[in-house]
Amino acid sequence: MAGELILIVEDNERNRRLLRDLLRAHGYETVESRTGEDALALARARRPRLVLMDIQLPGMDGEATLRELRALPELATTPVVAVTAYAMKHDRERLLAAGFDDYLEKPVDVGELPSRVRGYVEAAARGADS
Ligand code: MN
């Protein structure tokens, strides 16, 4: 699954760099945006295999961005994983109910992230091939 493209949506530069460096170290291609608006344009242009989405963003937040992505036929089934500092159980349930495929908690666990991402990408590839 090396070389698969992952879109990172994150307004915090340190968090964005951490995700980028970690994913690239594991052989993924990455594209990044700081806002939901830019994420929509990038996703349409580049068709990522997976989207990692911060929730608190300037302008359109992560949940609104997800709704817009889901409304685009070409991106309706792309997995979108929330990356959030919200730790409360009801927040996690709310994110899943909003349509996110899963969530990753901040601070991101760098030991765990690669295997989680591999699982999302492999599941997406199976879905796309069937
Ligand atoms: Mn943020």
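I will talk about the manganese site and then the salt bridges in this structure, which is a predicted model.

Let me begin with the metal. The manganese ion has three protein donors named here, D11 and D54 through OD and Q56 through O, and they lie 2.1 Å from the ion. Along the chain these donors follow the spacing D-x42-D-x1-Q. As for their surroundings, D54 is buried, with a relative accessible area of 5%, whereas Q56 is exposed, at 53% relative accessibility.

Now to the charged pairs, of which the structure holds 14 that count as salt bridges. In one of them R17 meets E13, with 3.7 Å from N to O, and because these residues stand 4 apart in helix α1, which covers residues 13-25, about one helical turn separates them. Both ends are partly exposed, R17 with a relative accessible area of 36% and E13 at 48%.

A second pair joins the side chains of R44 and E74, at 3.6 Å from N to O. Here R44 belongs to helix α2 (residues 36-46) while E74 sits in the loop between α3 (62-70) and β4 (80-84), so the bridge ties together parts that are 30 residues apart in sequence. E74 itself is partly exposed, at 28% relative accessibility.

Another salt bridge brings R116 and D102 together, at 3.4 Å from N to O; it links distant parts of the chain, with R116 in helix α5 (residues 113-129) and D102 in strand β5 (residues 102-105), 14 residues apart. R116 is partly exposed, with a relative accessible area of 22%.

Finally, R16, R20, D21 and E32 are linked in a network of salt bridges.

Note on methods. Residues are numbered from 1 along each chain as its sequence is written. This is a predicted model: local features need pLDDT of at least 70, side-chain atom pairs count only at pLDDT 80 or more; totals for chains, interfaces and linings use all residues. Side-chain values use heavy atoms; hydrogens and water are left out. Donors are N, O and S atoms within 2.8 Å of the metal (3.2 Å for Na, K and Ca); water is not among the atoms, so sites may look incomplete. Buried means under 20% relative accessible area, exposed over 50%, partly exposed in between (1.4 Å probe, protein chains only). A salt bridge is a side-chain nitrogen of Lys or Arg within 4 Å of a carboxyl oxygen of Asp or Glu. Helices (H or I, at least four residues) and strands (E, at least two) are DSSP runs, numbered from the N terminus.
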